[in-house]
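Colleague: Could you take one part of this model and describe it closely, from its setting in the chain to its packing and its surroundings? A connected account would be more useful to me than a list.

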Amino acid sequence: MLKVLIIRVLVLVGLLSAPYSFAALTIEITDGVEGALPIAVVPFDTGGTKNPLSYKIGAIIAADLARSGRFDPMPEKDLIARPHDGGSVRFGDWRLVNQESLVVGRVKQLGASRYEVLVQLFDVFKGEQLAGHRFAFNSDDVRAIAHHISDIIYEQLTGQPGSFSTRIAYVTALKTAAGKKQYNLNFSDADGFNERTILESPKPLMSPSWSPDGEQLVYVSFEASRPQIFVQQVATGQRQRLTDFKGLNNAPSWSPDGKLLAMTLSKSGNPEIYLYELATRKLTQVTNHAAIDTEPSWSPKGDQLVFTSDRGGKAQLYTINLRGKVVAGRPKRLTFEGDYNARGIFSPDGKMVAMVNGERGIFRIAVLELRTGALQVLTDSRLDESPSFAPNGSMIIYATDSNNRGVLSAVSVDGRVHRRFELQQGDVREPAWSPAKRTR
Amino acid sequence: MKFHQGLLIALLPIALAGCETLGGGEENNASVVDRNEGGTPSQGVGADGGASARGAEGGSTFQGHPLDNPDALLSRRIVYFDYDSYSIREGDRAVIQAHAEYMAANGQASIVLEGHSDERGSREYNIALGEKRAKSVYQLLSFQGSTGGQMTTVSYGEEQPAEIGHSEQSWQENRRVEIVYKTR
């Protein structure tokens with residue numbers, strides 16, 4: 001009688017070190033190249049021999065920069081010259097074709113699978129080098145090193161750190177050949193490559209949230225036919241069940257210092273927000289109201305939670321102040337525009353809150369500027385949900401519907417740049433953008 | 001350079017590990033809700049409390065188990081809700097009352113109340129909404145005589161729609177609480 005559900009935790013092993021780098025998610029810029037900075041990225045020299053690396057570094061960098069919406073890389077076929085170092089660059093020629101910046105580089109093989117890349121970034125108008133770097137790397141890490149160079153170029157030219165060396169976690173829902181539902185928890189690089197599945201389940205998976213160090217994911221699994229909160233190491237696949245209270249065990253959100261999880265439990269009989277201390281497993285109740293209180297999310301300083309409540313009759317966002325894990329004061333209503341506002345998240349600089357904004361049955365992603373109270377709707381679809389900020393605050397990734405399929409889209413915080421992440425099959429939902437990699 | 005070396009270490013695929021750290025208790029939980037069992041009335045009327053239940057159906061000429069009588073209120077196992085609401089509609093009170101009376105008369109009977117929502121809005125809010133809907137039915141059942149030990153609630157939010165579709169018609173089908181009998 002007992003049906004055993006098979007939950008597979010997939011292991012990220014050496015098996016994957018062969019180029020397991022296909023883009024399961026393909027990313028398309030759908031709008032917003034206008035006003036982007038013209039930049040020429042010359043294919044890197046590989047010493048006259050055939051490039052033994054699986055990927056071309058220059059092409060990855062150009063694609064990264066294009067995807068950000070801030071840059072308009074010159075198509076490779078239009079390049080007027082193919083210099084590989086500063087000495088052979090004729091800046092006047094690049095000025096004539098209206099390029100503002102130029103990236104050149106060389107790749108050298110050092111050993112069996114060991115390589116070195118030299119890269120230079122130039123300001124075309126001044127004829128000056130802005131950055132020059134040399135990195136040694138293993139062939140398996142060719143995409144990682146390219147993303148790292150993209151981050152350097154982006155920061156040099158925009159003054160903001162890049163978000164190229166990050167990952168995106170998401171949930172997919174598919175029908176198996178046998179007609180059964182299958183839910184996967186995956187993550188990929190921010191460009192959709194290197195997709196890895198870390199959990200498969202026949203029951204829904206929800207609400208992945210990254211630890212601040214980017215090494216763990218906390219999520220909700222219905223594998224026991226009821227919601228429970230789990231935490232899993234992304235590198236090893238090792239996981240642990242954290243909560244199994246009666247009722248809801250939902251909406252986990254990691255505190256910026258990594259010590260607490262905010263979450264929704266209904267063990268009291270009603271959905272309330274709690275803080276869960278990871279070291280001690282101790283709970284602190286944050287809200288206490290007969291209405292729904294859920295979807296807690298932390299301010300970057302950890303001194304405030306934004307959450308969704310229908311205590312005013314309809315779903316709206318509220319904030320509550322915290323001093324450590326002590327509640328300080330009463331909830332304050334944050335949103336007043338629109339008949340539905342939910343799933344609030346703070347921007348990484350703490351100056352904005354993004355949310356799902358509903359107006360007459362249309363659900364879109366909006367941002368509220370906290371200083372002025374100005375609300376800006378960023379999208380024009382109908383069923384948007386689950387916004388998540390890039391760690392540099394430039395883009396918001398969210399889930400939406402396209403031709404009856406769940407897809408991910410991203411929009412710049414000014415609403416100017418739109419791009420879409422398409423999955424080859426099934427629905428993709430609940431994106432969570434990882435924190436930036438720590439500098440060590 | 002320092003940064004970069006750290007990056008490489010972080011990206012090296014890490015061998016091994018990865019098995020579940022959970023014990024066997026996990027599997028036992030797996031069948032707590034078997035949707036197929038609850039969704040379709042089973043044919044065999046076993047040694048459960050059919051006799052004592054007949055009273056709830058008063059006057060019916062139906063010969064089988066009262067939960068299987070297609071003409072009785074007990075055959076209705078789904079309660080529907082308005083958008084973003086967890087108030088029980090006036091028209092559904094009689095259905096809930098019939099189940100409460102059956103449960104009161106059959107102490108061994110147990111149910112799971114599964115709360116669901118339509119797809120609109122935020123997933124986690126919808127889970128909470130499903131929970132509130134299930135709790136609304138739970139409360140009305142207990143006012144009318146079912147005991148807490150006979151009932152559990154679970155919310156699936158928008159994760160398990162009854163109907164796929166983006167129209168008000170599908171959404172209405174999905175804003176629901178399913179009354180799933182585990183034992184009769």
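**A helix of domain 1 in its setting**

Modeller: In this predicted model, the domain assignment of chain A gives domain 1, residues 32-158, and domain 2, residues 168-433. Taken over C-alpha atoms, the centres of these two domains of chain A are 36 Å apart. Their contact draws on 7 residues of domain 1 and 10 residues of domain 2. On the domain 1 side, the largest share, 3 residues, is supplied by H1(A), and this helix is the part I shall follow. By class, that side of domain 1 has 1 nonpolar, 3 polar and 3 charged residues.

Some background on the chain is helpful here. Chain A has 3 helices and 30 strands. Of its 440 residues, 50% are buried. Among contacts between residues at least 6 apart in sequence, 48% join residues at least 24 apart.

H1(A) itself is mostly covered, with 8 of its 11 residues buried. The buried positions are A:Ile57, A:Gly58, A:Ile60, A:Ile61, A:Ala62, A:Asp64, A:Leu65 and A:Arg67. Just after the helix, A:Gly69 adopts a positive phi of about 80°.

The packing partner to consider is H3(A). H1(A), residues 57-67, packs against H3(A), residues 142-158, at an angle of about 50°, and the two axes are 9 Å apart. Because of that angle, H1(A) is classed as oblique to H3(A). The crossing of the two helices is right-handed. From H1(A), the residues that take part are A:Ile57, A:Ile60, A:Ile61, A:Asp64 and A:Leu65; these also appear among the buried positions of the helix. They meet A:Val142, A:Arg143, A:Ile145, A:Ala146, A:His147, A:Ile149, A:Ser150, A:Ile153 and A:Tyr154 of H3(A). The residues of this contact divide into 10 nonpolar, 2 polar and 2 charged.

Chain B offers a second helix pair to set beside this one. There, the axes of H5(B), residues 93-105, and H6(B), residues 123-143, come within 8 Å and cross at roughly 55°. This angle therefore makes H5(B) oblique to H6(B). H5(B) passes H6(B) in a right-handed crossing. B:Ile96, B:His99, B:Ala100 and B:Met103 of H5(B) meet B:Val137, B:Leu140 and B:Leu141 of H6(B). By class, the contact has 6 nonpolar residues, 1 polar residue and no charged residues.

For a view of a strand in chain A, A:Leu261 may serve. This residue lies in strand E15(A), residues 260-265. A:Leu261 counts as buried because 25 C-beta neighbours are found inside 10 Å, where 20 or more are required. Apart from neighbours within four places in sequence, A:Leu261 is in contact with A:Val218, A:Pro252, A:Ser253, A:Trp254, A:Ser255, A:Tyr276 and A:Leu278. A:Leu375 is 114 residues away from A:Leu261 along the chain, and the C-alpha atoms of the two are separated by 28 Å.

To return to the helix: H1(A) has 8 of its 11 residues buried, packs against H3(A) at about 50°, and gives 3 residues to the side of domain 1 that touches domain 2.

Technical notes:
Residues are numbered from 1 along each chain as its sequence is written. Chains are lettered from A and ligands numbered from 1 in the order in which they are written. This is a predicted model: local features need pLDDT of at least 70, side-chain atom pairs count only at pLDDT 80 or more; totals for chains, interfaces and linings use all residues. Axes are lines fitted to C-alpha atoms, for helices over the stretch in contact, and angles run from 0 to 180 degrees between N-to-C directions. Helices (H or I, at least four residues) and strands (E, at least two) are DSSP runs, numbered from the N terminus. Angles under 35 degrees count as roughly parallel, over 145 as roughly antiparallel, 65 to 115 as roughly perpendicular and the rest as oblique. A crossing is left-handed if the near helix is turned anticlockwise from the far one by less than a right angle, and right-handed if clockwise. Two residues are in contact if their C-beta atoms, placed from the backbone, lie within 7 Å. Ala, Val, Leu, Ile, Met, Phe, Trp, Tyr, Cys and Pro count as nonpolar, Asp, Glu, Lys and Arg as charged, and the others, Gly among them, as polar. Domain bounds come from an automatic or database domain assignment. A residue is buried if 20 or more other C-beta atoms lie within 10 Å of its own, exposed if 12 or fewer, and partly exposed in between; C-beta atoms are placed from the backbone.
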